[in-house]
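Me: I've got this model open and I'd like a close look at just one spot in it. Could you walk me through that residue and its surroundings, then zoom out a bit?

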Amino acid sequence: MAMNAVAGEWMLKGVAVVEISNTLWRIHDLRRTAETPRRLIGNVRKIGNLYGASSVRFPSECPYFDDFDGAIHYVVRLAWLDDIVLAGTVPDTAAAPV
C-alpha cells in the first residue's frame, strides 16, 4: 500500500490515514457524498513493535499486526465489506405474494 505523507495525513485510494499522535492514527473513508465527506472507519495504535487495528464495525476486536500497512488494510477491508455486501443485495421478491 503506497502512501504519500502530507502534514500527518496519508491519502490512499478512497482512504485518509490521519496521524493523531506518534502512536495513534485514525482511518477515514473518503468515498462519501458532499454531505458526509469523511467517515471514521477505525483506528490504528502502535503498542511496542506491533500495530493494533480497531474498526468501528467490530469495536471489541483488536488484532495486532507486525506492520502499519497490514493494520490499515484490516480496517479498510472490514469497512468496505459492508459496502460490497449492501451493493449486492436486492429485495427478496421470491417471498413476496403475487
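Reply: Let's start with Ser55, which has a relative accessibility of 5% and therefore counts as buried, the cut-off being under 20%. Keep in mind that this is a predicted model.

As for where it sits, Ser55 belongs to strand β6, which covers residues 50-55. Its side chain comes to 3.0 Å from the backbone nitrogen of Phe58. If you skip the neighbours within four places in sequence, Ser55 touches Ile41, Gly42 and Leu78.

Now go to the other residue number in strand β6's range, 50. Leu50 teams up with Ile47 and Tyr64 in a nonpolar surface patch of about 280 Å². Tyr64 itself is in strand β7, residues 64-65. With a relative accessible area of 46%, Tyr64 is partly exposed, because that value falls between the 20% and 50% limits.

Zooming out, the chain carries seven strands and one helix. Reading from the N terminus, the order is β-β-β-β-β-β-β-α, with the helix coming after the strands. The chain has 98 residues, and 30% of them count as buried; Ser55 is one of the buried ones. On the outside, the chain exposes about 6,400 Å², with 59% of that supplied by carbon and sulfur atoms. Finally, take the contacts between residues at least 6 apart in sequence: 23% of these join residues at least 24 apart.

Methods
Residues numbered from 1 in each chain as written. Predicted model: local features only at pLDDT ≥ 70, side-chain atom pairs only at ≥ 80, totals over all residues. Heavy atoms only, no water. Patch = residues over 30% accessible without salt bridge, like charges linked within 9 Å, V, L, I, M, F, W, Y side chains within 5 Å. Areas by Shrake-Rupley, 256 points an atom, 1.4 Å probe, with all protein chains shown as cover. Salt bridge = Lys/Arg side-chain N within 4 Å of Asp/Glu carboxyl O. Helix = DSSP H or I, 4+ residues; strand = E, 2+ residues; numbered from the N terminus. Buried < 20%, exposed > 50% of the residue type's maximum accessible area, 1.4 Å probe, protein only. Contact = heavy atoms within 4.5 Å. Polar contact = N/O pair within 3.5 Å; in protein donor to acceptor, adjacent residues only side chain to side chain.
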